[in-house]
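Me: I'd like a close look at one part of this protein. Could you walk me through it?
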Amino acid sequence: GPPRERDPPASAPQVPGAVRGQPGHGGAGRGSAAARELWLSQLDEFPRARKGTGRRPVSLQRTRGSEIVFGLAPCSLALSRARRALFRLFLQRGSGSRRPHMGELALQAAARGLPVLRVPRRDLDALSGGRVHQGVCLEAAPLRFQPLEEDGAPGAGDEERRDRQLVWLVLEHIQDPMNLGALLRSAYFLGVDRVVTSHRNSCPLTPTVSKASAGAAEVFDVYSTDDLQSFLKAKTAEGWEVVGTVSKPEDVENVPVISCLEFQWNKPVIIVIGSEGEGLSLETQLLCHRMLTIPPGRALHPGIESLNVSVAAGILLHSICSQKRRHGD
């Protein structure tokens, strides 16, 4: 949008607000050209305690249904992959050491015909809701889960049936966006072939998820299903092994529980991770062939007897996916 009257471009011959036409006001130098240039150069770096500072930023009305992606990695990957509709790129003025990255982002946006707006940091703070944006925000359409039905699931293709090395991660009722982002980051890094989440009572693919995933959500398809139990039954019928996870073995009945260090597999495997507070539902537990647990390294104090869900998943996935790499050698 057009620059605000109180934020003219640096080449403007006049200084805005109280300084305009009043050389003796606004700081050192009594209105000299050098002092005005210094004053202008600092506008983007320091907030001003002046009338109007609390106004909403200009031209930040969003396209209906859009959201604000924030952070260098999520915005860069969203631009390069273009898996979602993109509307505007916002870059921080005077971003200092990050300028090479900003230039690359601006070039990416220009190549896609995307408007690039250079705005003060406070505008980016408002756009990102005060989250850590690293000097860049991107207005875009939301990311959506991929429905399994469009991918030929729950049945797997002939090629997948023959592949004993497939590892899928299934998430039941993960509700914290930071956990979901961390789970996606680990799954992508460790070589998980697909992530499937229950549609109901689960966190959507928000910008916070993308930031917590370090941008993995922008490149890694995440599928969802309305009927997780039917999906797991179908995969079992196709010859997959369904493996659940539990922090306390005594909480499990009618399903064998083993340490993740003892787990061996020679068929396609699904690892099922439960919600942060409740773990796997009983209905899902009973569809698992085995349950995995992570052995602690010491006697644990009551109340801190479990791991964060994303940390536990990272340990389990590393143990399982490292076997995948060995089998493939």
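Me: What phi does Gly 239 take, just after helix 8?

Reply: Happy to help! This is a predicted model, in which local features need pLDDT of at least 70 and side-chain atom pairs count only at pLDDT 80 or more, while totals for chains, interfaces and linings use all residues. Residues are numbered from 1 along each chain as its sequence is written, and side-chain values use heavy atoms, with hydrogens and water left out.

Gly 239 has a positive phi of about 100°, just after helix 8. Helices here are DSSP runs of H or I with at least four residues, strands are runs of E with at least two, and both are numbered from the N terminus.

Now for helix 8 itself, residues 228-237: Leu 228, Phe 231, Leu 232 and Lys 235 are buried there (under 20% relative accessible area; exposed is over 50%, partly exposed in between, with a 1.4 Å probe and protein chains only). These four lie on the same side of helix 8 because they cover an arc of only 95° around the axis, taken from the directions from the helix axis to the C-beta atoms. On the face turned away from that buried side sit the exposed residues Lys 233 and Ala 237.

What covers the buried residues? The cover includes strand 6, strand 7 (194-198), strand 8 (222-225), strand 9 (241-245), strand 11 and helix 9 (282-285), where contact means heavy atoms within 4.5 Å.
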